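Reader: I'm still learning to read protein structures, and I'd like to take one part slowly. Could you pick a single strand and walk me through what surrounds it?

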Amino acid sequence: MPVAEVGAVVLDCADPRALAGFYAGLLGGTIEGEGDWVDLRVPGGPVLAFQETPGHVPPRWPSPDHSQQFHLDLTVEDLDAAEKEVLALGAKRLDAEDRSRSFRVYADPAGHPFCLCAC
């Protein structure tokens with residue numbers, strides 16, 4: 001029997017509501033809360049929580065001197081279609097040039113890396 005289960009994945013950021021909106025556009029779900037803590041309740045998945053962190057400095061990818069801090073692997077059916085959507089939502093490409101791979105790396109609007117995976 002496990003000791004614990006995932007209650008939430010928490011991301012530090014400068015603007016919790018805005019980053020929750022980005023992930024709601026990507027994953028669906030319901031945004032709850034205001035101020036320095038906002039939850040995104042995703043159907044069938046863990047809660048994503050966004051915590052305001054004054055002076056937030058985004059991770060740099062790839063950089064051994066600046067840890068990723070965390071990243072999400074998000075499974076999609078069509079990498080090209082999903083890429084178009086995440087870029088429209090405000091994501092930035094980090095490593096998406098190799099179109100033969102089954103994954104591509106992006107950053108959310110606060111700089112957190114995440115992968116779209118056709119796995």
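Author: Let's take strand β8 and work outwards from there. Keep in mind that this is a predicted model.

Strand β8 covers residues 113-117, and five of its five residues are buried. In a regular strand, side chains alternate between the two faces of the sheet. You can follow that here: Pro113, Cys115 and Cys117 point one way, while Phe114 and Leu116 point the other way. Both sets are buried.

Now for the neighbours. Strands of a sheet pair through backbone hydrogen bonds, either parallel or antiparallel, and β8 has one partner of each kind. With β5 (residues 72-75) the pairing is parallel, over four bridges. Look for Asp73 opposite Cys115, and for Thr75 opposite Cys117. With β7 (residues 103-107) the pairing is antiparallel, and five bridges join the two strands. There, Phe103 is the bridge partner of Cys117.

Zoom out a bit and you get an open sheet of four strands in the order β5-β8-β7-β6, with mixed pairing. β5 and β6 are the edge strands, each with a single partner, so one side of each has no neighbour in the sheet. On average, neighbouring strands here are turned by 35° against each other, if you ignore direction.

Helix α2 packs on this sheet, touching β6, β7 and β8, and its direction makes about 0° with that of β7. In α2 (residues 79-89), the buried residues include Leu79, Ala82, Glu83 and Val86. They sit on the same side of the helix because they cover an arc of only 105° around the axis. A bit of helix geometry helps here: an α-helix has 3.6 residues a turn, so residues three or four places apart point the same way. Among the elements covering the buried residues of α2 are α1, β6, β7 and β8. On the face turned away from the buried side you'll find the exposed residues Lys84, Glu85 and Ala88. The helix ends are worth a glance too. At the start of α2, a side-chain oxygen of Asp78 comes to within 3.0 Å of the backbone nitrogen of Asp80. After α2 comes Gly90, with a positive phi near 120°.

Back to β8 and its two cysteines. Cys115 counts as buried because its relative accessibility is 10%, and Cys117 does so at 8%. You might wonder about a disulfide, but the structure holds zero of them. For Cys115, the nearest cysteine sulfur is that of Cys117, 5.2 Å away.

Last stop: the loop leading into the strand. The hairpin of β7 and β8 has five residues between the strands, and one of these, Gly111, has a positive phi near 95°. His112 is also in the loop between β7 and β8. At 1% relative accessibility, His112 counts as buried. A polar atom of the His112 side chain lies 2.9 Å from the backbone oxygen of Asp12. Leaving out residues up to four places away in sequence, His112 touches several others, including Leu11, Cys13, His56, Phe70 and Tyr106.

Conventions:
Residues are numbered from 1 along each chain as its sequence is written. This is a predicted model: local features need pLDDT of at least 70, side-chain atom pairs count only at pLDDT 80 or more; totals for chains, interfaces and linings use all residues. Side-chain values use heavy atoms; hydrogens and water are left out. Buried means under 20% relative accessible area, exposed over 50%, partly exposed in between (1.4 Å probe, protein chains only). Two strands pair if DSSP finds at least two bridges between them. A disulfide is a pair of cysteine sulfur atoms within 2.5 Å. The arc is that of the directions from the helix axis to the C-beta atoms. Contact means heavy atoms within 4.5 Å. A polar contact is a pair of N or O atoms within 3.5 Å; within protein, one must be able to donate a hydrogen and the other to accept it, and residues adjacent in sequence count only if both atoms are side-chain atoms. Axes are lines fitted to C-alpha atoms, for helices over the stretch in contact, and angles run from 0 to 180 degrees between N-to-C directions.
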